[in-house]
Amino acid sequence: PTYFFKKGPQWDNGKRRKNSWLLNISSVLRFERLLVPDKRRREGRRQKLSSEKVMAVGVNAMPVTFAAHVLAVIAAIMVLVWNISYRGGLAWEAENKSLIFNLHPVLMLIGLIILGGEAIMSYKSLPLEKPVKKLIHLILHAISLSLGIWGICAAFKNHNESGIPNLYSLHSWIGIGVISLYAFQWLYSFILFFYPGGSANLTSGLLPWHALLGLFIYVLAVGNAALGFLERLTFLESGKLDKYGAEAFLVNFTAIVTILFGALVVLTVSAKSPSPSSTPIDDEASYSYSAI
């Protein structure tokens with residue numbers, strides 16, 4: 001700017017006015033040094049957002065989320081009908097130990113898969129401010145994790161009281177891995193992103209890894225749920241269950257709906273967000289999932 005090159009003030013001793021152009025140039029350089037980093041940061045964030053938009057699927061997250069909600073309700077109803085109408089009901093203490101095991105698919109599907117998926121979609125698709133979405137995201141994942149742990153305990157309780165060995169199948173191995181990773185993800189995320197919270201540079205650097213690990217755990221959980229449906233149905237069919245009966249079809253269709261729900265969850269986090277809180281200078285922008 002030209003106003004930086006005006007003549008400088010008079011000397012205190014009353015001597016002639018002097019053009020302090022060296023001082024003015026120094027001021028300009030200092031001013032530019034203050035502006036350049038800020039400009040670079042803003043430009044970098046704009047480029048980051050632009051690249052994230054390119055990587056995002058060209059659909060709005062909201063209608064995809066609505067379809068996922070519908071599938072979530074259908075899957076919850078189907079698993080409840082299966083275990084209550086066909087398998088005899090749910091119980092934590094019962095003479096019929098199968099009623100204890102029936103808690104396992106219900107809690108794992110409604111808790112770990114459905115509520116876990118809703119927690120992921122809530123942070124991406126809800127048109128709310130970031131602190132509100134973060135709190136909803138945190139609470140839903142906490143409920144999901146709690147129900148998942150309860151569901152695993154129900155399986156162990158059934159096996160122990162029925163004299164069935166534990167952890168002998170691939171489904172059980174993957175299940176323990178999923179719930180362990182889920183607990184680790186929630187605990188470190190609570191400390192890093194919620195309380196007491198990490199530095200801005202640390203959270204910004206770990207955010208893509210947080211999203212990547214979360215999606216990996218969720219996809220693994222959905223795949224293991226499908227494996228669990230297969231294992232349970234195979235066990236029932238070995239006990240004379242009609243392979244083409246209503247219950248067999250119900251279990252298979254429940255697994256298919258579960259997989260479709262998981263696919264819509266991944267599609268939601270890859271789509272554009274309608275959130276008004278996302279700005280070009282927001283490190284936790286609406287495209288944070290698709291950025292990975």
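The protein chain has eight helices and two strands. The model described here is predicted. From the N terminus on, its elements follow the order α-β-α-α-α-α-α-α-α-β. Of the 292 residues in the chain, 41% are buried. Among contacts between residues at least 6 apart in sequence, 73% join residues at least 24 apart.

**Segments annotated as transmembrane**

- An unreviewed UniProt entry places the feature "transmembrane region" at residues 57–82, 102–123, 135–152, 172–195, 207–229 and 249–269.
- In the predicted model, residues 135–152 are 100% helix and 0% strand. The C-alpha atoms at the two ends of this stretch are 26 Å apart.
- Residues 249–269 are likewise 100% helix and 0% strand. Here the end C-alpha atoms are 31 Å apart.

**The largest pocket**

- The volume of the largest pocket is about 830 Å³.
- This pocket is lined by 35 residues, and the closest to its centre are Phe101, His104, Ala155, His171 and Glu231.
- Five helices each give two or more residues to the lining: H3 (97–101), H4 (103–125), H5 (130–162), H6 (170–194) and H7 (200–238).
- Helix H7 gives the most to the lining, with nine residues.
- Sorted by class, the lining has 20 nonpolar, 12 polar and three charged residues.

**The largest nonpolar core**

- The largest nonpolar core is made up of 41 residues. Those with the most contacts inside the core are Trp82, Leu109, Leu112, Ile113, Tyr218 and Phe261.
- The elements that give two or more residues to this core are helix H2 (61–86), together with H4, H5, H6, H7 and H8.
- Isoleucine 113 touches Met108, Tyr218, Ala221, Val222, Ala225, Thr258 and Phe261, when residues up to four places away in sequence are not counted.

**Residues that link distant parts of the chain**

- Leucine 264 is located in helix H8. Its relative accessible area is 17%, which is under 20%, so leucine 264 is buried.
- The C-alpha atoms of leucine 264 and alanine 61 are separated by 9.7 Å, although the two residues are 203 residues apart along the chain. Leaving aside residues up to four places away in sequence, leucine 264 touches Val64, Ala67, Ala68 and Leu71.
- Isoleucine 174 belongs to helix H6. This residue counts as partly exposed because its relative accessibility of 23% is neither under 20% nor over 50%.
- Isoleucine 174 and leucine 220 are 46 residues apart along the chain, and their C-alpha atoms are separated by 8.1 Å. Not counting residues up to four places away in sequence, isoleucine 174 touches Leu220, Asn224 and Leu227.
- Leucine 230 is part of helix H7. With a relative accessible area of 53%, which is over 50%, leucine 230 is therefore exposed.
- Leucine 230 and histidine 171 are 59 residues apart in sequence, and their C-alpha atoms are 9.6 Å apart in space. Histidine 171 is also one of the residues closest to the centre of the largest pocket.

**Backbone features in the loops**

- Tyrosine 195 and proline 196 are joined by a cis peptide bond, with omega at about 0°. Proline 196 lies in the loop between H6 and H7.
- Leucine 167 is not a glycine, yet it has a positive phi of about 55°. Leucine 167 is situated in the loop between H5 and H6, and its relative accessible area of 40% makes it partly exposed.
- Lysine 240, another residue other than glycine, has a positive phi near 80°. Lysine 240 is found in the loop between H7 and helix H8 (246–270).
- The relative accessibility of lysine 240 is 77%, which is over 50%, so lysine 240 counts as exposed.

Technical notes:
Residues are numbered from 1 along each chain as its sequence is written. This is a predicted model: local features need pLDDT of at least 70, side-chain atom pairs count only at pLDDT 80 or more; totals for chains, interfaces and linings use all residues. Side-chain values use heavy atoms; hydrogens and water are left out. On a 1 Å grid over the protein atoms alone, a cavity is a set of points where a 1.4 Å probe fits but cannot get out, and a pocket is an open set with protein on both sides within 12 Å along at least five of seven lines; lining residues have an atom within 4 Å of a point. Grid points are joined across faces, edges and corners, and a volume is the space filled by probe spheres set on the points. Helices (H or I, at least four residues) and strands (E, at least two) are DSSP runs, numbered from the N terminus. Ala, Val, Leu, Ile, Met, Phe, Trp, Tyr, Cys and Pro count as nonpolar, Asp, Glu, Lys and Arg as charged, and the others, Gly among them, as polar. Buried means under 20% relative accessible area, exposed over 50%, partly exposed in between (1.4 Å probe, protein chains only). A nonpolar core is a set of buried Ala, Val, Leu, Ile, Met, Phe, Trp, Tyr and Cys residues joined through side-chain atoms within 4.5 Å. Contact means heavy atoms within 4.5 Å. UniProt positions are given in the numbering used here, feature names are shortened, and annotations may be inferred rather than shown by experiment.
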